[in-house]
Amino acid sequence: MSTRKHTALPKARTLIEALPWLTRHHGKTVVIKFGGNAMVDEDLKKAFAQDVVFLRHAGLRPVVVHGGGPQISAQLDLLGLESEFKGGLRVTTPEAMNVVRMVLAGQVQRELVGLLNEHGPLAVGMTGEDAHLMTATKHYAEIDGERVDIGRVGEITAIDPGAVQALLDDGRIPVISSIARSSDDEDTASGASGIFNVNADTAAAALAAALGAETLMVLTDVEGLYEDWPNSDEVISRLTATELEKLLPDLASGMVPKMRGCLHAVRNGVHTARVIDGRVQHSILLEIFTDEGIGTMVVPDTNTIEGAT
């Protein structure tokens, strides 16, 4: 008697292919920077939430850090406030800072928490202000060698990951808005001016390092780091910290904070940092659980992880 051909067999093979990766990543912390197209496309948002919940049920400890550039610009526009950028960073007046805080913590974060919690009581929203998670000082942009004041934009000086660790230990998925408290007590006493708008790529990298994460994943709107853009669309699949450092001066301005973040992460204890295409549905699962992987992976100079993809 011949065995019936089961149409579901390819699914079983896919699951088995994931086994070594499931084993390797079990119990490990993964920090994911949510951004780009994945933040504004409804189908991509849902797929992202499914991926993060899958990671959690597969035994990993995901943490999500998000910004909200498009949503902030839209709200400022509605209020008749101008969106201005200098040195690739948003000029953040005290009025704009109130909008940033409202949009990040009250809109983007709440929507993402809601999407994740469609799958169970998992996600908990917080900002960098909560439990002194992120502390920052004023950041100045450098334009043509000159220091330029861009308002309430912060540079992270300290991370206290205790509250995030506690949530992870409780089986929750922390969803964190990239706002930081001011390190200056006088500044903090003046309400909204006591907080800073922080680049979400930088915040995710700093948090990944503080948590001793296994990996940092940064969602972007490109396939990865291109070898010779715009002459070629060949993506670099893997490079070391030193190789990346040499490339930094020639990168497109939008990629600089992402790749600097990856560099900071792997130089501070994170095993791998990956830039992946957030326009591809389930890109996170493809990167973590398949042999091919997608995007660009950065590893420390003395990396000994065999076969990492």
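How many nonpolar, polar and charged residues are in the lining of the second largest cavity? That was my starting point today, working on a predicted model. By class I get five nonpolar, one polar and two charged residues.

**Entry 1: the second largest cavity**

I looked up the volume and found about 40 Å³ for the second largest cavity. Its lining is made up of F34, M39, K45, Q71, V108, E111, L112 and L115. I then asked where the lining comes from, and helix 4 gives the most, with four residues.

**Entry 2: helix 2 against helix 4**

Since helix 4 had come up, I went on to its packing. I noted to myself that two packed helices are described by the angle between their axes and the distance between the axes. Helix 2 covers residues 42-57 and helix 4 covers residues 94-116; the angle between the two is about 60° and their axes are 9 Å apart. That angle makes helix 2 oblique to helix 4. I also checked the hand, and helix 2 passes helix 4 in a right-handed crossing.

On the helix 2 side, the contact is made by E42, K45, K46, F48, A49, V52 and V53. Helix 4 brings E111, L112, L115 and L116 to the contact. Sorted by class, the contact of helix 2 with helix 4 has seven nonpolar residues, four charged ones and no polar ones. I spotted some overlap with Entry 1: K45, E111, L112 and L115 are listed in this contact, and K45, E111, L112 and L115 are also among the residues lining the second largest cavity.

**Entry 3: helix 3 against helix 4**

Next I took the other partner of helix 4 on my list. The axes of helix 3 (residues 69-78) and helix 4 come within 9 Å and cross at roughly 125°. Helix 3 and helix 4 are therefore oblique to each other. I have this crossing down as right-handed.

From helix 3, I listed Q71, I72, Q75 and L76 as the contact residues. From helix 4, the list is A96, V99, V100, M102, V103, L104, Q107 and V108. The classes here are nine nonpolar, three polar and no charged. Q71 and V108 sit in this contact, and I had already met Q71 and V108 in the lining of the second largest cavity.

**Entry 4: the largest cavity**

How many cavities of 30 Å³ or more does a search of the whole structure find? I get three. The largest cavity has a volume of about 50 Å³. I wrote down its lining as A38, L44, A47, F48, D51, L219, G278, V280, Q281, H282, S283 and I284. Helix 2 and helix 10 are the elements that give two or more residues to this lining. The largest share, four residues, comes from helix 2. By class, I have seven nonpolar, four polar and one charged for the lining of the largest cavity. One residue to flag is F48, which lines the largest cavity and is also part of the helix 2 contact with helix 4.

**Entry 5: the second largest pocket**

I moved on from cavities to a pocket. The second largest pocket has a volume of about 230 Å³. Lining it are T14, L15, A18, L22, F54, L285, L286, F289 and T290. Helix 1 (9-25) and helix 10 (283-289) each supply at least two residues of that lining. Helix 1 has the largest share, four residues. I looked for charge and found no charged residues in this lining, with seven nonpolar and two polar.

**Entry 6: helix 7 against helix 9**

How do these two helices pack, at what angle and how far apart are the axes? For helix 7 (residues 200-211) and helix 9 (residues 256-266) I have an angle of about 10°, with the axes 8 Å apart. That makes helix 7 roughly parallel to helix 9, because the cut-off for roughly parallel is under 35 degrees.

Helix 7 makes the contact with D201, A205, A206 and A209, and helix 9 with P257, K258, G261, H264 and A265. My class count for it is five nonpolar, two polar and two charged residues.

**Entry 7: L89**

Last, I looked up a single residue, L89, which is found in strand 4 (residues 89-90). L89 and V198 are 109 residues apart in sequence, yet 9.5 Å apart in space, C-alpha to C-alpha. Leaving aside neighbours within four places in sequence, I find L89 in contact with E84, H139, I150, V153 and N199.

How values were computed:
Residues numbered from 1 in each chain as written. Predicted model: local features only at pLDDT ≥ 70, side-chain atom pairs only at ≥ 80, totals over all residues. Heavy atoms only, no water. Axes fitted to C-alpha atoms, helices over the stretch in contact; angles between N-to-C directions. Parallel < 35°, antiparallel > 145°, perpendicular 65-115°, else oblique. Left-handed = near helix turned anticlockwise from the far one by under 90°. Contact = heavy atoms within 4.5 Å. Nonpolar A, V, L, I, M, F, W, Y, C, P; charged D, E, K, R; others polar. 1 Å grid on protein atoms, 1.4 Å probe; cavity = no way out; pocket = protein on both sides within 12 Å on 5 of 7 lines; lining within 4 Å. Points joined across faces, edges and corners; volume = space filled by probe spheres on them.
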